[in-house]
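Biologist: Before I plan any bench work around this protein, could you take me through its model, beginning with the charged side chains and then moving on to the rings, the strands and the cysteines?

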Amino acid sequence: ASAFMAEVVAGSSREVLADGQRGSGKTQATPAALAILAELHARAGFPLPLRALWLHDSLTNAAIKTGASLEQPLWGGLWKLRDDKKEAVLTVAGVELVVGLFVGTTDEVSAERLRAESHVLAAEELVPSLTEFGGIAERKYELGLSSMRLPTRRHVAVSTTNPGDVECWPYQRWIEGGGRPGCVRCPIPATDRLTPEDVAALRASFRDSPDLEKRLALGEWAALVVGEAVAIGF
């Protein structure tokens, strides 16, 4: 996670992806990176707050996943949600450092926020964990990229996801053939944060779903198995 944050704040890439199994700490690494970006933004002489478009598949998931993570005790109440949980704000000593505008990309009304100018982009869960439908479409992600127009020391897009199919667009953008120019992948293993016992329990929770075990417990990019196998080896 530290290598991921270092690439976000000080690397030469334009797009950084952190992928890994559940419990690896990806969701908390993004707000940490945004906080560092904001401090460096201010030190470079740019006015605060740092404005981020924060993409999710829906505003509901933004509130119950990212929003809940920001309200955990480790942040000491520095992050607050406002505007009916559509905006996340990091405030330190009365100064707003980061304003993150949550965007639900599958809702066309909310997706209009992708046109709002920003300094940086954050995207949470590019691909869905349990199905092949949902997630964040590449076209919506690229529209968000085009909105990084406000002056800052570093325009960067920060993305996180659990692994998906090797045919999905994040795999092709960041991983296949070493990734596209300007795209850097930083895999975060579960052992970065979890004990061996935690990892074993995580694997056991998917013992009847080897495809989900690969994605969510082992951090491997793999296809989902849909239905019963009827033609083994075909």
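Modeller: A salt bridge is counted here where a side-chain nitrogen of Lys or Arg lies within 4 Å of a carboxyl oxygen of Asp or Glu. Please keep in mind throughout that this is a predicted model.

Biologist: Which residue meets the side chain of Arg 82 in a salt bridge at 2.9 Å, N to O?

Modeller: Arg 82 lies in strand β3 (residues 79–82), and its partner lies in strand β5 (residues 95–104), 14 residues apart, so the pair links distant parts of the chain. The partner counts as partly exposed, at 29% relative accessibility, and Arg 82 is likewise partly exposed, at 36%. With 2.9 Å between N and O, the residue that meets Arg 82 is Glu 96.

Biologist: How far apart are the closest N and O atoms in the salt bridge of Glu 87 with Arg 82?

Modeller: Glu 87 counts as buried, because its relative accessibility of 15% is under the 20% limit. Arg 82, in contrast, is partly exposed at 36%. In the salt bridge that Glu 87 forms with Arg 82, the closest N and O atoms are apart by 2.5 Å.

Biologist: How many salt bridges does the structure hold?

Modeller: One of them joins Arg 115, which is exposed with a relative accessible area of 52%, to Glu 112, with the closest N and O atoms 3.2 Å apart. Salt bridges that share partners also join Glu 15, Glu 138, Glu 142, Arg 173 and Arg 180 into one network. For the structure, the number of salt bridges is 14.

Biologist: Is strand β1 (residues 15–19) mostly covered or uncovered?

Modeller: In a regular strand the side chains alternate between the two faces of the sheet, so both faces have to be examined. In β1, Glu 15, Leu 17 and Asp 19 on one side are buried, and so are Val 16 and Ala 18 on the other. With five of its five residues buried, strand β1 is mostly covered.

Biologist: Which residue in β8 is the bridge partner of Leu 17?

Modeller: Strand β1 runs parallel to strand β7 (residues 157–161), to which five bridges join it, and Glu 15 stands opposite Ala 157 there. Three bridges join β1 to strand β8 (residues 183–185), and these strands also run parallel. In β8, the bridge partner of Leu 17 is Arg 185.

Biologist: Is the aromatic pair of Trp 75 and Trp 79 stacked or edge-to-face?

Modeller: The ring centres of Trp 75 and Trp 79 are 6.2 Å apart, with 85° between the planes. Because planes over 60 degrees apart fall in one class and those under 30 in another, the angle decides the matter. Trp 75 counts as buried at 13% relative accessibility and Trp 79 at 2%, and the pair they form is edge-to-face.

Biologist: How many disulfides does a search of the whole structure find?

Modeller: A disulfide needs two cysteine sulfur atoms within 2.5 Å. The sulfur of Cys 168 is too far for a bond, because the closest cysteine sulfur, in Cys 183, is 13 Å away. Cys 186 is in no disulfide either, with the nearest cysteine sulfur, that of Cys 183, 12 Å away. The search of the whole structure finds a number of disulfides equal to zero.

Biologist: Which helix has the lowest mean pLDDT among the elements of the protein?

Modeller: The mean pLDDT of the protein is 89, and 91% of its residues reach 70 or more. Where pLDDT is low, the predicted coordinates should not be read in detail. Strand β4 (residues 87–92) has the highest mean, 98, while the lowest, 69, belongs to helix α8 (residues 210–217).

Definitions and conventions: Residues are numbered from 1 along each chain as its sequence is written. This is a predicted model: local features need pLDDT of at least 70, side-chain atom pairs count only at pLDDT 80 or more; totals for chains, interfaces and linings use all residues. Side-chain values use heavy atoms; hydrogens and water are left out. Rings of Phe, Tyr and Trp (its six-membered ring) pair if their centres lie within 6.5 Å; planes under 30 degrees apart count as stacked, over 60 as edge-to-face and the rest as tilted. Buried means under 20% relative accessible area, exposed over 50%, partly exposed in between (1.4 Å probe, protein chains only). pLDDT is the predictor's confidence in each residue, from 0 to 100. Helices (H or I, at least four residues) and strands (E, at least two) are DSSP runs, numbered from the N terminus. Two strands pair if DSSP finds at least two bridges between them.
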